[in-house]
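Trainee: I should like to learn how to read the features of a protein model. May we work through one together?

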Amino acid sequence: MLAPAVARAQSVEDCLTCHADETLKGKRGSRTISVFVDQRRFAGSIHGKLGCVDCHADLEKKELPHDEDLARVSCGNCHSEEEERHAKSL
């Protein structure tokens with residue numbers, strides 16, 4: 001018997017297999033949030049040329065479906081000056 005293939009999140013299309021579902025929910029702390037991604041809006045955004053794992057680096061080469069408890073995205077990896085100014089403004 002062959003072992004089932006393991007799906008790994010590597011492309012936007014992989015992620016949108018689930019995240020294109022408008023009813024998809026997740027948790028942030030004790031709150032329930034939408035984790036829906038509008039493909040057209042994302043593609044047209046400033047980050048539209050990036051892959052999901054460019055920001056959600058903890059998901060690179062992970063099996064799908066992934067755990068709900070993800071590392072917080074660090075915008076400072078690309079936007080260090082902006083992140084520093086934002087941190088000082090709080």
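The dialogue below takes up the fold, the hairpin, the pocket and one loop residue.

Mentor: Please bear in mind that this is a predicted model.

Trainee: Which secondary structure elements does the protein chain contain, and what pattern do they follow along the sequence?

Mentor: One begins by listing the elements in order. Here the protein chain has four helices and two strands, and along the sequence they follow the pattern α-β-β-α-α-α.

Trainee: How do the strands S1 and S2 run, and how many bridges join them?

Mentor: S1 and S2 run antiparallel and are joined by four bridges. As an example of the pairing, Lys25 has Ser34 in S2 as its bridge partner. Two residues lie between the strands of this hairpin, where Gly29 adopts a positive phi near 65°. As a general idea, side chains in a regular strand alternate between the two faces of the sheet.

Trainee: What share of the residues is buried?

Mentor: Of the 90 residues in the protein chain, 12% are buried. The chain exposes about 7800 Å², and 53% of that area is supplied by carbon and sulfur atoms. Turning to contacts, if one takes those between residues at least 6 apart in sequence, 42% join residues at least 24 apart.

Trainee: How does one find empty space, and how much of it lies in the largest pocket?

Mentor: The general idea is that rolling a probe the size of a water molecule over the atoms shows where empty space is left. In this model the largest pocket holds about 1400 Å³ of space. Its lining comprises 41 residues, and those nearest its centre are His19, Val35, His56, Leu70 and Val73. The elements giving two or more residues to this lining are helix H1 (12-19), strand S1 (25-28), strand S2 (31-34) and helix H3 (52-55).

Trainee: Which element gives the most to the lining, and what is the chemical character of the lining residues?

Mentor: H1 gives the most, with six residues. By character, the lining of the largest pocket divides into 22 nonpolar, twelve polar and seven charged residues.

Trainee: Where is Glu68 placed, and why does Glu68 count as exposed?

Mentor: Glu68 lies in the loop between H3 and helix H4 (80-89). Residues count as exposed when their relative accessibility is over 50%; Glu68 qualifies because its value is 57%.

Trainee: Which residues is Glu68 in contact with, leaving aside its neighbours within four places in sequence?

Mentor: Glu68 is in contact with Gly26 and Lys27. Furthermore, the C-alpha atoms of Glu68 and Arg28 are separated by 9.0 Å, although these residues are 40 apart along the chain.

Definitions and conventions
Residues are numbered from 1 along each chain as its sequence is written. This is a predicted model: local features need pLDDT of at least 70, side-chain atom pairs count only at pLDDT 80 or more; totals for chains, interfaces and linings use all residues. Side-chain values use heavy atoms; hydrogens and water are left out. On a 1 Å grid over the protein atoms alone, a cavity is a set of points where a 1.4 Å probe fits but cannot get out, and a pocket is an open set with protein on both sides within 12 Å along at least five of seven lines; lining residues have an atom within 4 Å of a point. Grid points are joined across faces, edges and corners, and a volume is the space filled by probe spheres set on the points. Ala, Val, Leu, Ile, Met, Phe, Trp, Tyr, Cys and Pro count as nonpolar, Asp, Glu, Lys and Arg as charged, and the others, Gly among them, as polar. Two strands pair if DSSP finds at least two bridges between them. Buried means under 20% relative accessible area, exposed over 50%, partly exposed in between (1.4 Å probe, protein chains only). Contact means heavy atoms within 4.5 Å. Accessible areas come from the Shrake-Rupley method with a 1.4 Å probe; for residues, only the protein chains shown count as cover.
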